[in-house]
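Hi,

Here's the model I promised you. Have a look at it first, and then read on for what turned up.

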Amino acid sequence: MTDIARAVALLRAGELVAFPTETVYGLGANAANPAAVAKIFAAKGRPADHPLIVHVADATQLDRWAIDIPAAATQLAAAFWPGPLTLILKRHPGVPNAVTGGQDTIGLRVPNHPLALQLLSEFGGGLAAPSANRFGRISPTTAAHVGDELGDRVSLILDGGPCAVGIESTIVDLSGDAPRVLRPGMISAAQIGEALGAPLKSESAQAPVPRVSGSLEAHYAPRTPLCLLPFAALLEASRRALDGGSCVAVLSLSGFPHDARGIIWRQLGNEPQSYARALYAALRELDALGLDLILVELPPDEEDWRGVLDRLRRAAIGSGRPSIAPLT
Ligand code: TXA
Ligand code: MG
């Protein structure tokens, strides 16, 4: 029996299967089976009112899960699926409450990973799948990360190698009057506006974001205190921490000091795509070292960096409290 055939059999039996997507690994269950979906919440330790994204094999399945599908959904699906974009649409009445957290909308996405697409087409239905991490922790971008997070809480982990995108999908809400980005990702608001033929309203002009677990401030968090600083301030803070006897790691773009002695220094580069791809594995590696502090260089305030910046801010807010003040 192939791994895919085993995965399909387990999913049909109401079990959990972790699978790769291009963004992060997902913890999948049959979205039409409320008992199976309940197992996701138990395995993650996730509050039951947080809605899940349903993954489908292609856009022709949209109307099984959503109603009143606007033209914008068809346009965005054609432009970006399979790909790292989730659409929030009005929910079909047949969708179990467990999937949507009781909301009248549903998140849908066609992931761009060959194993995920094969799994979805052989399974035939929709797979509810959040990121395959314990609630509030860093999302997994390799099969080994999933094993570290969930252990035997999951029946099978399909290994599709490291994720090519590396941070979670962009979420666009199409259930209201105007399209809105609820969670930035590697598909930018500008690209979405371009595909729709009209720029999106700026975020500040938008009403408060509805309930999205990714919008909780503390999320994607390492246990080690993490501070986000511009390069000069980061150098200063790393020296001060070192002088105070602390163990520090730095995650920079491309900067490197004259003297990095005593500091664990990692460079993720100046290009947002490769930075995003490497980010979660780097945070996970540094977090496992049990350091006093992780200092992260603030990326540029540019459209292409929005998704990365969002995850870094959440990581900083959700991380442990620094035992030293890095900037006093
Ligand atoms: O890239 C991704 O989106 C990954 C992969 C596995 O597909 N999935 C992912 O799922 O990040 P999760 O559960 O970790 O985050 C899904 C986000 C949450 O913030 C959730 O609140 C939001 O999507 N969401 C789901 N359904 C929603 C809805 N109906 N309205 C608003 N937000 C929704
Ligand atoms: Mg998540």
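Aspartate 68 sits in the loop between β4 (66-67) and α4. Its backbone is the odd bit: phi is positive, about 50 degrees, even though aspartate 68 isn't a glycine. As for the side of the protein it shows, aspartate 68 counts as exposed because its relative accessibility is 58%, and the cut-off for exposed is over 50%. Before you read too much into any of this, remember that the model is predicted.

Next loop along my list: the one between α4 (71-80) and β5 (85-91), where you'll find proline 82. The peptide bond joining tryptophan 81 and proline 82 is cis, with omega at about -5 degrees.

Then there's α2, which covers residues 34-44. At its start, asparagine 33 has a side-chain oxygen that comes within 3.0 Å of the backbone nitrogen of alanine 35. Just past the other end, glycine 45 has a positive phi of about 70 degrees. The buried residues of the helix are Ala36, Val37, Ile40, Phe41, Ala43 and Lys44; yes, that list has a lysine in it. What lies over them? Among the elements covering these buried residues are β2, α5 (97-100), β7 (127-128) and α7.

That brings me to asparagine 30, which is in strand β2 (residues 26-30). Is asparagine 30 buried or exposed? It's buried, because its relative accessible area is 16% and buried means under 20%. Leaving out residues up to four places away in sequence, asparagine 30 touches Leu11, Ala36, Val37, Phe123, Gly126 and Leu127. A polar atom of the asparagine 30 side chain also lies 2.9 Å from the backbone nitrogen of alanine 32. For a longer-range pairing, asparagine 30 and valine 99 are 69 residues apart in sequence, and their C-alpha atoms are 10.0 Å apart.

Last one: arginine 153, in the loop between α7 (143-150) and β8 (156-157). With a relative accessible area of 42%, arginine 153 is partly exposed. Setting aside neighbours within four places in sequence, arginine 153 is in contact with Leu16, Ala43 and Arg134. Ala43 is one of the buried residues of α2, so you may want to look at that helix again with arginine 153 displayed. The C-alpha atoms of arginine 153 and alanine 42 are separated by 8.8 Å, with their positions 111 residues apart along the chain.

Cheers

Terms used
Residues are numbered from 1 along each chain as its sequence is written. Chains are lettered from A and ligands numbered from 1 in the order in which they are written. This is a predicted model: local features need pLDDT of at least 70, side-chain atom pairs count only at pLDDT 80 or more; totals for chains, interfaces and linings use all residues. Side-chain values use heavy atoms; hydrogens and water are left out. Helices (H or I, at least four residues) and strands (E, at least two) are DSSP runs, numbered from the N terminus. Buried means under 20% relative accessible area, exposed over 50%, partly exposed in between (1.4 Å probe, protein chains only). Contact means heavy atoms within 4.5 Å. A polar contact is a pair of N or O atoms within 3.5 Å; within protein, one must be able to donate a hydrogen and the other to accept it, and residues adjacent in sequence count only if both atoms are side-chain atoms.
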